[in-house]
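Please look at the model below with side chains displayed. This report covers aromatic pairs, salt bridges and one charged residue without a partner.

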Amino acid sequence: MSTLTRPKTEAVATAPTTLRGPVRVLLRVHRRTLWGAGAVAAAAVVGMIAVALLADRFTTDFAGTGCGLDSSVQTCFQPSRDYSDQMLGLGRLLTYMGLAIIALPAVIGAFVAGPMVAREWESNTARLSWTQSYPPSAWLTARLALPAVLVVCGITVLSTVLTWSRHRLGGPYPTFWYEVSVFGASGTVPAASALLGLSIGTLAGLTLRRTVPAMAAGLFVSGLVTVVLGMLRDSLWPAMRDTFTPGDDYIWPDRAAIIGWGWETEGGDVLPANICADSALDREVCLSESGVTHGYLDYHPASHYWPLQLVETGILLAFAALAVFAAFRVLRRLHG
């Protein structure tokens, strides 16, 4: 007569906890999505490299005509126009790519919130996973650690290739560091934004536990943070101010992000820059009658690129850490 033996629950309970199991399951479940995302990223990299190579070819062909963009020879009008149109089209492609990189963290947040977290609650596969040899904390850690590594590596490669392609483009339509599609898609900000999108998506999935609402919440919150930080970017680092007197031929700093400029009176009143735009009087006379003593220009020089990048990166990482902490708190409450 056979007898039933009790499983060794003590051995299971004391088994060392690793992420190997949860990571393997996560890769197997979402392998098609990961392969698809990798293919899209590879296609984007190839496309940006092709844009840079086309820009080199167009520049070489235009140089071979012996013409310049400022040439007054009639035979150079059409080659100059063709070259400008070609470079404008390539520049637009890189601008769209930059905007796509800026929007990518919100997409990541939506995907993590829905298919990766909330759907497992709807199908009860999360609780099934917890009955295996790893605890809920390992389940959540795998859904944070593995996507974080893949996302940071992928978005860093995209950002690096985009920056390289922009430098190769040059031509008659240069880009500047302070443009939205340049600043938000270069430096350390893209990777930090991706980590924040991942953290917000995880928190939304655990909190709502329904796929569609979680995806909407992850997309909305991640996008809102990106928009708000973009609006506050100029105030993240102290701006510089130049003052000048009317008519002294003041030259604005090169490659600077202009925040604002105008006029000040002797009493300290600030007047708008276009105060004399509609006046029939001479500009200097109008400014004198308005009591203007000097003008001012608030701006960020090119040297402020990295301070602004690092401050914004720090804010994004701080929000991401808070979201991760909140996600583990929610998980503890759900699991008991």
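The text takes the aromatic rings before the charged side chains.

The model is predicted.

**Aromatic rings**

Eleven aromatic pairs occur in the structure. One of them joins Phe176 and Tyr178. Their ring centres lie 5.7 Å apart, and the planes differ by 10 degrees. This pair is stacked, because planes under 30 degrees apart fall in that class. Phe176 is partly exposed, at 29% relative accessible area. Tyr178 is partly exposed too, at 33%.

Trp177 pairs with Tyr305. The centres of these two rings are 6.2 Å apart. Their planes stand at 85 degrees, so the pair is edge-to-face. Trp177 sits in the loop between helix H6 (136–169) and helix H7 (180–183). Tyr305 belongs to helix H11 (residues 305–335). The pair therefore ties together parts that are 128 residues apart in sequence. Both Trp177 and Tyr305 are buried.

Which residues make up the aromatic cluster? Phe176, Trp177, Tyr178, Phe183, Tyr305 and Trp306 form it.

**A buried arginine**

Arg166 lies in helix H6. It is buried, yet it has no salt bridge. Which side chain of opposite charge is nearest to Arg166? That is Glu179, at 6.4 Å. The pair does not count as a salt bridge because the cut-off is 4 Å. Leaving aside residues up to four places away in sequence, Arg166 touches Leu94, Thr95, Gly98, Thr175, Ser181 and Val182.

**Salt bridges**

Opposite charges on side chains can pair when the charged atoms come close. Across the whole structure, a search finds six salt bridges. The table gives three of them, with the closest N to O distance for each.

| Pair | N to O distance |
|---|---|
| Asp61 and Arg57 | 3.9 Å |
| Arg241 and Glu264 | 3.1 Å |
| Asp298 and Arg241 | 2.6 Å |

Asp61 and Arg57 both lie in helix H3 (residues 31–64). They are four residues apart, which means a separation of about one helical turn. Asp61 is partly exposed, at 45% relative accessibility.

The salt bridge of Arg241 with Glu264 links distant parts of the chain. Arg241 is in strand E1 (residues 240–244), and Glu264 is in strand E2 (residues 257–265). The two residues are 23 residues apart. Arg241 is partly exposed, with a relative accessible area of 44%. Glu264 is buried, at 15%.

Arg241 also meets Asp298 in a salt bridge. Asp298 lies in strand E4 (residues 292–300) and Arg241 in strand E1, so this pair ties together parts that are 57 residues apart in sequence. Asp298 is buried, with a relative accessible area of 17%.

How are Arg241, Glu264 and Asp298 linked? They are joined in a network of salt bridges. Within it, Arg241 is partly exposed, whereas Glu264 is buried and Asp298 is buried.

**In brief**

Trp177 and Tyr305 are an edge-to-face pair within the aromatic cluster. Arg166 is buried without a salt bridge. Arg241 forms salt bridges with Glu264 and with Asp298.

Notes: Residues are numbered from 1 along each chain as its sequence is written. This is a predicted model: local features need pLDDT of at least 70, side-chain atom pairs count only at pLDDT 80 or more; totals for chains, interfaces and linings use all residues. Side-chain values use heavy atoms; hydrogens and water are left out. Rings of Phe, Tyr and Trp (its six-membered ring) pair if their centres lie within 6.5 Å; planes under 30 degrees apart count as stacked, over 60 as edge-to-face and the rest as tilted. Buried means under 20% relative accessible area, exposed over 50%, partly exposed in between (1.4 Å probe, protein chains only). Lys and Arg count as positive and Asp and Glu as negative; His and the chain ends are not counted. Contact means heavy atoms within 4.5 Å.
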